Amino acid sequence: MAILKAELKKAFSSRLLVGLFLILLLGNVILTAVLAKPRPYDTAIREVYRAYTVDPAEYDAYYQRLETMMLMSSHMSFDELPCTYYGDPSYDDFSLLMTVKNRRDDVNGYEQKIRKIIRTAEKQRDDLLDYGYGEDSVAVRTQQRLIDRYESLAETFVPGQDYAYGYDVFLQNKYVLIFIGVFILIATSYIFTQESTAGFRSILRTTKNGRGRTGTAKVGTAILLAALATLLFSASSFITVCFCHGVSAPGEAVQNFPVFMNCNIAIVDEIHA
């Protein structure tokens, strides 16, 4: 433990590692802020979605009138449609309502989508059995496990009705992994090569604790630094997304995001079940 503490102290007192960490952290924050910048009409969509959940009949009727207007006038362009929600002809009411309607249709059709996945998994399981795979084989058990999970979701889980946003932007940010990887790579190299750089390696190898215990302490230091870096970089990305893009209520199910709708784990089913 004493050797581990000494290695951690050396790492945290290194200007190289601290400086590198701050530079990479700043770069991650700047890049995340650029990527998380909301589209011009995101706010309008959120407001329309909230209003739609309060009185869907009114908004459905308005959408139908706009759709009829488009069908009746073959020469009508989108620029001529009303834009009362956003105030910009580039984002007319019809386009915003159509986006909201498609999102609502995805939520309302959640069970049908899950049932389709179940039927596909059942067919794949049956095909495997026909090909000679046993019921205890890994391939068959994997498909059965998938069926059981989706069956449970289809019977007990209902996605939330609110407009979920923000968390998908955070989870889809892959660039933070690059910053984490670069820091871990350089930090690990520094931890294991600092004695060689200082010309102390030969002396260290002749001491009682200079081989196995010191090596173990260095590995532990690298693991702890990697975990800490992952936590801090991820936290900085999430905080940046919160400020630059905004996030919905934390109780929303992950299935409320279109990109995660097929997830077979009900992460917050105690809220929406």
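Helices and strands here are DSSP runs, of at least four residues for a helix and at least two for a strand, numbered from the N terminus. With that in hand, let's take a walk through this predicted model.

## The overall picture

The chain comes to twelve helices and zero strands. Read from the N terminus on, the elements run α-α-α-α-α-α-α-α-α-α-α-α. The chain has 273 residues, and buried residues make up 35% of them. If you are thinking about contact order, here is a useful value: among contacts between residues at least 6 apart in sequence, 76% join residues at least 24 apart.

## Two nonpolar cores

Which residues have the most contacts inside the largest nonpolar core? They are Ile45, Leu97 and Val100, in a core of 19 residues. Three helices each supply at least two residues of this core: H3 (42-54), H4 (56-72) and H5 (93-108). Val100 is a good place to centre your view. Leaving aside residues up to four places away in sequence, Val100 touches Ile45, Val48, Tyr49 and Tyr52. Apart from this core lies another, of 16 residues, which includes Leu20, Leu25, Phe179 and Leu225.

## Where H3 meets H4

Two of those helices are worth a look as a pair. The axes of H3 and H4 come within 5 Å, and they cross at roughly 115°. On the H3 side, the contact is made by Val48, Ala51, Tyr52, Thr53 and Val54, while H4 brings Pro56, Tyr59 and Asp60. By character, the residues of this contact divide into six nonpolar, one polar and one charged. Val48 and Tyr52 take part here, and both also appear among the residues that Val100 touches.

Asp60 gives us a link onward to H5, the helix that holds Met98. Met98 and Asp60 are 38 residues apart in sequence, yet their C-alpha atoms are 9.9 Å apart in space. Is Met98 buried or exposed? Neither label fits: its relative accessibility is 31%, so Met98 counts as partly exposed.

## Salt bridges

The count for the model comes to four salt bridges. Three of them are set out below, with the closest N to O separation for each.

| Acidic residue | Basic residue | N to O distance |
|---|---|---|
| Glu111 | Arg115 | 3.8 Å |
| Glu151 | Arg115 | 3.0 Å |
| Asp127 | Lys123 | 3.1 Å |

Let's begin with Arg115, which appears in two rows. Glu111 and Arg115 both lie in helix H6 (residues 110-130), four residues apart, or about one turn of the helix. The bridge from Arg115 to Glu151 instead links distant parts of the chain: Glu151 sits in helix H7 (residues 138-156) and Arg115 in H6, 36 residues apart.

How accessible are the residues of these two bridges? Glu111 has a relative accessible area of 38%, so it is partly exposed. Arg115, at 27%, is partly exposed, and Glu151 is partly exposed as well, with 21%. The cut-off for buried is under 20% relative accessible area, so the 21% of Glu151 places that residue in the partly exposed class.

The remaining row belongs to H6 too. Asp127 and Lys123 both lie in that helix, four residues apart, about one turn. The two partners fall into separate classes: Asp127 counts as partly exposed at 26% relative accessibility, whereas Lys123 counts as exposed at 53%. Through shared partners, salt bridges join Glu111, Arg115 and Glu151 into one network.

## A buried asparagine

One more stop, this time at a polar side chain. Asn28 has its place in helix H2 (residues 15-35). Why does Asn28 count as buried? Its relative accessibility is 1%, and buried means under 20%.

What does the side chain of Asn28 meet in a polar contact? The partner is the side chain of Ser236, and the contact is 3.0 Å. The wider surroundings of Asn28 mix aromatic, aliphatic and hydroxyl-bearing residues by name: not counting residues up to four places away in sequence, Asn28 touches Val176, Phe179, Phe233, Ser236 and Ser237. Phe179 in that list is also one of the residues of the 16-residue core.

Notes: Residues are numbered from 1 along each chain as its sequence is written. This is a predicted model: local features need pLDDT of at least 70, side-chain atom pairs count only at pLDDT 80 or more; totals for chains, interfaces and linings use all residues. Side-chain values use heavy atoms; hydrogens and water are left out. A nonpolar core is a set of buried Ala, Val, Leu, Ile, Met, Phe, Trp, Tyr and Cys residues joined through side-chain atoms within 4.5 Å. Buried means under 20% relative accessible area, exposed over 50%, partly exposed in between (1.4 Å probe, protein chains only). Contact means heavy atoms within 4.5 Å. A salt bridge is a side-chain nitrogen of Lys or Arg within 4 Å of a carboxyl oxygen of Asp or Glu. Axes are lines fitted to C-alpha atoms, for helices over the stretch in contact, and angles run from 0 to 180 degrees between N-to-C directions. Ala, Val, Leu, Ile, Met, Phe, Trp, Tyr, Cys and Pro count as nonpolar, Asp, Glu, Lys and Arg as charged, and the others, Gly among them, as polar. A polar contact is a pair of N or O atoms within 3.5 Å; within protein, one must be able to donate a hydrogen and the other to accept it, and residues adjacent in sequence count only if both atoms are side-chain atoms.
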